[in-house]
Amino acid sequence: MGAAASLDWSTMRNEPVVQIQGLVKRYGTKTAVDGLDLTAGAGITAVLGPNGAGKTTTIETCEGYRKPDAGAVRVLGLDPVREAGALRPRIGVMLQSGGVYSGARADEMLRHVAKLHAEPLDVTDLIERLGLGSCGRTTYRRLSGGQQQRLALAMAVVGRPDLVFLDEPTAGLDPQARRATWDLVRDLRRDGVGVILTTHHMDEAEELADDVAIIDAGKVIAQGSPDELCRGGAENTLRFTGRPGLDVASLLKALPPDSTAAELMPGAYRVSGTVDPQLLATVTSWCAQHGVMPDRISVERHTLEDVFLELTGKELRG
Amino acid sequence: MSAAGTYTPKPGAAPLPRMIAAQAALETKMLLRNGEQLLLTVVIPTLLLVLFSAVDIVDTGEGEAVDFLAPGILALAVMSTAFTGQAIATGFERRYGVLKRLGASPLPRWGLMAAKTLSVLVTEVLQIVLLTVIALALGWSPHGNPVSVLLLLVLGTAAFSGLGLLMAGTLKAEATLAAANLVFLLLLVGGGVIVPLDKFPDAAQSLLGLLPIAALSDGLRDVLRHGAGLPWADLGILAVWAVLGLGAAAKFFRWE
């Protein structure tokens, strides 16, 4: 069963939905994207980076809004500018903001976008699923930020696209609305819709993405699954407190060879290495043998935030 | 959580005529819902028609005042929708990313422009019906060939649309709002709509006569008041404005 699933998965991933090679995009003298390479397969790809890293420019080039100054972009095998007519019906677009007549009601606008497609989703169902029913007769300019975001998301999916581009889909949402958006994104993935989303929240990327591309200063500086990215670079850490002056050398002998152990302050110990259940068991059984009650055990897993900090020397929240 | 298969891709564009019709219907609805737009396209032309027909404020020359005013007010109606209304609406659509978002939809850009034109024409038909009924009630007795009238209205719409879209596609939304209203007011006064051009000094007259609003109101008046055939000079002026305006709009219009 596992083999069949993974085989299926790998063939899906062999056909990239987005292929970008050496993309350069300048605005005047400012270089927004600087030789960016990115290949995205099926599933959810998160483009992660601080503000101004070139995320939106990259996405908007895929959507056909920007013409590359150099490099090649293919979306579903098509040139987004020259083959726009063939591409547009197949993609769903959620802009970072706006996109709706200020005097239009949410259901009115969504029904309109649905009419531009051959076999759209049932609009009434979609409105209910996204909690847009409460908007009633309110026009767009008077909707809350969260309602405006959800409408933009609904407009991206209503045409039953092969691939959606979501530019910061959860920016400014409260935690509950954020969860609802994540659920919808997972449902899209389950039903075989490709998802490319930008975010500057690493938890969002960790939570949702099959594949994360970290962008900084107009380039992809790392790409992989969240696990792959977090495994690389610095090791994970286990901390505990106990009696001061334990025999750290003896502990180290019990641990796998790639580990380190140290007493940072009297009674505060740190073990670094591949922190897995085996390592935890080794540490606790060593403590048991030495009559030590390990207190306040904590495991610090490496996060995408740490990865980003190591790669760029910058905080992600810029 | 939705049922599996809810979002299974079935992409495709709707048939082009259906997209354009839907777009035109939405744009017309947005316009009719907007209070300021209604003021511009319905209330002001109606008020001017009634007021200036009933009260002898401006000397409109020989004959019934309404026979002079009705053609001018029809020209004003065309300008209010094709130029002022369209410029303001499109300017804000650009500002709020509506044009951008629709640019990623299956509706091609020329389809969007076709829908805008259709929406302008539908609005004009509503205006013309309303204003004609009111003018007839005020004693208007129109003459001339309806085909000439139609030709003038279509060329006038093309000329004003080009200028309106040029403004909306190059200026900021707020600047478009201010400029479109200012131009509306100036052309209302100086374009032979309610004030005959011969009230102006000779030098100004020949210049003002070249304005699209003056050509449209003068041409409509020639036909509807005096029963003229095809007012070639006015049609020529409108055609030049249409070519220049639409050409410049096509070249300089920015979608974002």
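Mentor: Before we start on this predicted model, keep one definition in mind: two strands pair if DSSP finds at least two bridges between them.

Trainee: Which residue stands opposite Thr241(A) in β12(A)?

Mentor: Begin with the two strands, for strand β10 (residues 236–241) and strand β12 (residues 268–273) of chain A pair in the antiparallel sense. Their pairing runs over 6 bridges. Looking across from Thr241(A) into β12(A), the residue that you find opposite is Ala268(A).

Trainee: Which are the edge strands of the open sheet in chain A?

Mentor: The sheet is open and has 4 strands with antiparallel pairing, in the order β11-β12-β10-β13. From one strand to the next, the twist averages 20 degrees. An edge strand here pairs on one side only, and the two that do so in chain A are β11 (260–265) and β13 (295–300).

Trainee: How many Å separate the centres of domain 1 and domain 2 of chain A?

Mentor: The domain assignment divides chain A into domain 1, covering 2–231, and domain 2, covering 236–301. When the centres of these two domains are taken over C-alpha atoms, the separation between them is 44 Å.

Trainee: Why is chain B said to be as compact as a globular protein of its length?

Mentor: Consider first what chain B is made of, since its secondary structure comes to 10 helices and 0 strands. For its 256 residues the globule rule gives 18 Å, and the radius of gyration of chain B is close to that value, so the chain is as compact as a globular protein of that length, with a radius of 20 Å.

Trainee: What percentage of the residues in chain B is buried?

Mentor: A residue is counted as buried if 20 or more other C-beta atoms lie within 10 Å of its own. Applied to the 256 residues in chain B, this gives a buried share of 47%.

Trainee: Which helix gives the most to the largest nonpolar core?

Mentor: The largest nonpolar core has 144 residues, and those with the most contacts inside it include Leu48(A), Ala154(A) and Met79(B). With 18 residues, the element that gives the most to this core is helix α3 (residues 65–95) of chain B.

Trainee: With which residues is Ala154(A) in contact, leaving aside its neighbours within four places in sequence?

Mentor: Ala154(A) is among the residues with the most contacts inside the largest core, as is Leu110(A). Once the neighbours within four places in sequence are left aside, the contacts of Ala154(A) are Leu110(A), Leu126(A), Leu130(A) and Leu132(A).

Definitions and conventions:
Residues are numbered from 1 along each chain as its sequence is written. Chains are lettered from A and ligands numbered from 1 in the order in which they are written. This is a predicted model: local features need pLDDT of at least 70, side-chain atom pairs count only at pLDDT 80 or more; totals for chains, interfaces and linings use all residues. Domain bounds come from an automatic or database domain assignment. The radius of gyration is taken over C-alpha atoms; the globule rule is 2.2 Å times the number of residues to the power 0.38. A residue is buried if 20 or more other C-beta atoms lie within 10 Å of its own, exposed if 12 or fewer, and partly exposed in between; C-beta atoms are placed from the backbone. Axes are lines fitted to C-alpha atoms, for helices over the stretch in contact, and angles run from 0 to 180 degrees between N-to-C directions. A nonpolar core is a set of buried Ala, Val, Leu, Ile, Met, Phe, Trp, Tyr and Cys residues joined through C-beta atoms within 7 Å. Two residues are in contact if their C-beta atoms, placed from the backbone, lie within 7 Å.
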